[in-house]
Amino acid sequence: MTQPYSSIALADPLQRAVADMGYENMTPIQAEAIPVVLTGKDVMGAAQTGTGKTAAFSLPLLQRLLKHENSSASPARHPVRALVLLPTRELADQVAQQVAQYAKYTKLRSAVVFGGMDMKPQTLELKKGVEVLVATPGRLLDHIEAKNAILNQVEYVVLDEADRMLDIGFLPDLQRILSYLPKERTTLLFSATFSPEIKRLAKSYLQDPVTIEVARPNETASTVEQRFFSAQDDDKRRAVRQILKDRALKQAFIFVNSKLGCARLARALERDGLKTAALHGDKSQDERLKALEAFKAGEVDLLVCTDVAARGLDIKDVPAVFNYDVPFNAEDYVHRIGRTGRAGASGLAVTLVASSDARSVAEIEKLIKKKIEVEALALDGERPRGRSHDSRRSWGDDERGGAARRGARSSGGSTYHRAPTARDPFFDRPYEPSAAADQPGWEAAPRVATRAGLSANIKPRRKVAALFKAPTPAAAAAVEVTATAADA
DNA sequence: AAAAAAC
C-alpha cells in the first residue's frame, strides 16, 4: 500500500529535495493526487488535515513547470506560471517555504506576497521574475494593480483551503484575481472540508475535474482524541489549567472566537503564570509571526488564537487543541482540531461547552458524523458556584464525592471520568441536530462581506446576487441556494 | 453572535 516517491515520475531535482526532507513514502492524498496533477487535469481534492496536501500539489506542479521549462514565454518577461492562493498570511508563508524547499534544486523561482508587510521587497522580488507565486488575495490584487505581477500567462492556479477561498468573504477578491488569469489553465482545489454548496460552487470553476477524496470530507483524524466538557465561562480558564496539568500537556493551541477574547484570555493565562502568546488579526504582522515562531521554538507553551490559526498551520507535535469557545462554524471545528494529531501523531482536542453552545455542538456532531458526549468535568478545589445545592447535577456533587472520584481516577490512570448519570440537566438529552441543520446548505450560511460593505449575515437574496457576478449560471445557482438556506 | 483578507 505504501508507495515511495521514487516510484513516480518526478524529476531528479524534486526527488532529491523530497529525500532531503526525510520523506520516503507518499501519503494517500499524495499517491492519489500526484499522478492526476501530472496529467494537467483540474482537480478537486479532499483529504484530512495534516496528511500532506501541500506536497500533493506542489511536487507535480513543479514537475509540470520543469517539463515545459523552455516554453514559448519570453524569458526576459519571467511571467508567473503558477499561482497558489491561501486565506491567511501565516499559511501563505508556510506554503511558500515548502514550495521553496521542493524547488531548491531546480531553476524555478518562487516568491510569496501577503499583507501587513512592506510592499517594496515583494515588488523587487516580483520584478526579478518568479515562476511560482504564493499569495493572499488582498495583497496580490495590490501587486496586480501596481503592475508588479503579470498573471496573463498563468498555467496553474491552486486554491488551498478552497472552501474558505470560495466563501463569501473571499469570493469577490478571488473572482477579481481569476479575471486576470487566462481561461485556458489548470485549476486545483484542495481542502479538508467541503460543504455540498461550496462543492457545487467550486465545480463551476473547474473544467472536467477529477475528484480525489482519500477520506470522507469533513472527517476528523482518528489519531485525535476528541473530548467535550461542560464548562460555563467562569470555569473555563480553570478547566484549561486543570486539563493541561492532569494530562501533562506541554503545549496547546487555545482557540477563541473573537479577537478581543483572544487578547484577554492570553493576558489572563499569562497572569496565571503560563507562558502564552496571542495570535489574532488585530496584531501587527510582525507580532503574529513572532508569536508563531515562539510557539514553534517552544518558548511559549500556549498559543491563544482566533480562527486565523484554524487552518493549515503545520507545527510538529502539538499535543493538544482547546476550543475555549465552540466555533460558530462546524467546518472550523474540523480545521482547528487538525492542528494536533498531524502526520500520524496522537493528539487531544478538548472543547469546552457552555449552555448556549448546544446548537453549535449539534452542528459539529452532524458534520463529523460522530456521536458527541458532553462530559462533566470535576474541577479541583472549591466547588463551582451556584449549583452546589443540587447533588443530581455534575457541578453540584459535594466535595466528598468529588474527592472520592478523583481518588479513583488517579489510581485508574484515566484523567477524566464520564458521569452520564450526573450531567448538567442541559445535557441530559442526547444532542439532536436542530431542524435548521437539516436544511441543505445550512452549514454554509453566508458570512459577512466586510469589504463589500455589508455588515450582517445576508438576508435579502438580491443583495447576494448583486454582490458578485458568478462566473456561470451553475455558480449563481449555488449561491442562491446558500442564501435561501440562510434565510430559512 | 466572528474572523479573515489591502492600504
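Here is a short chat about a predicted model, its second largest pocket and a stretch with UniProt annotation.

User: Hi! How much space lies in the second largest pocket?
Analyst: Happy to help! That pocket holds about 1,200 Å³ of space.

User: And how many residues line the second largest pocket, and which lie nearest its centre?
Analyst: The lining is made of 48 residues. Nearest the centre are Gly50, Gly52, Asp314, Arg342 and Ala343.

User: Which elements give two or more residues to that lining?
Analyst: They are helix H3 (53-67), helix H4 (89-102) and helix H12 (285-296).

User: Okay, which one gives the most?
Analyst: H4 does, with nine residues in the lining.

User: What classes of residue are in the lining?
Analyst: It's a mix: 20 are polar, 16 are nonpolar and twelve are charged.

User: Where does the second largest pocket lie with respect to domain 1 and domain 2?
Analyst: It lies between them, because domain 1 (5-213) and domain 2 (224-372) both give residues to its lining.

User: New topic: what does UniProt place at residues 3-31?
Analyst: An unreviewed UniProt entry puts a short sequence motif there, the "Q motif". For residues 3-31 UniProt also lists the domain "DEAD-box RNA helicase Q", again from an unreviewed entry.

User: And how much helix and strand is there over residues 3-31?
Analyst: That stretch is 45% helix and 0% strand.

User: How far apart are its end C-alpha atoms?
Analyst: The end C-alpha atoms of residues 3-31 are 7 Å apart in this model.

Definitions and conventions:
Residues are numbered from 1 along each chain as its sequence is written. Chains are lettered from A and ligands numbered from 1 in the order in which they are written. This is a predicted model: local features need pLDDT of at least 70, side-chain atom pairs count only at pLDDT 80 or more; totals for chains, interfaces and linings use all residues. Side-chain values use heavy atoms; hydrogens and water are left out. UniProt positions are given in the numbering used here, feature names are shortened, and annotations may be inferred rather than shown by experiment. Helices (H or I, at least four residues) and strands (E, at least two) are DSSP runs, numbered from the N terminus. On a 1 Å grid over the protein atoms alone, a cavity is a set of points where a 1.4 Å probe fits but cannot get out, and a pocket is an open set with protein on both sides within 12 Å along at least five of seven lines; lining residues have an atom within 4 Å of a point. Grid points are joined across faces, edges and corners, and a volume is the space filled by probe spheres set on the points. Ala, Val, Leu, Ile, Met, Phe, Trp, Tyr, Cys and Pro count as nonpolar, Asp, Glu, Lys and Arg as charged, and the others, Gly among them, as polar. Domain bounds come from an automatic or database domain assignment.
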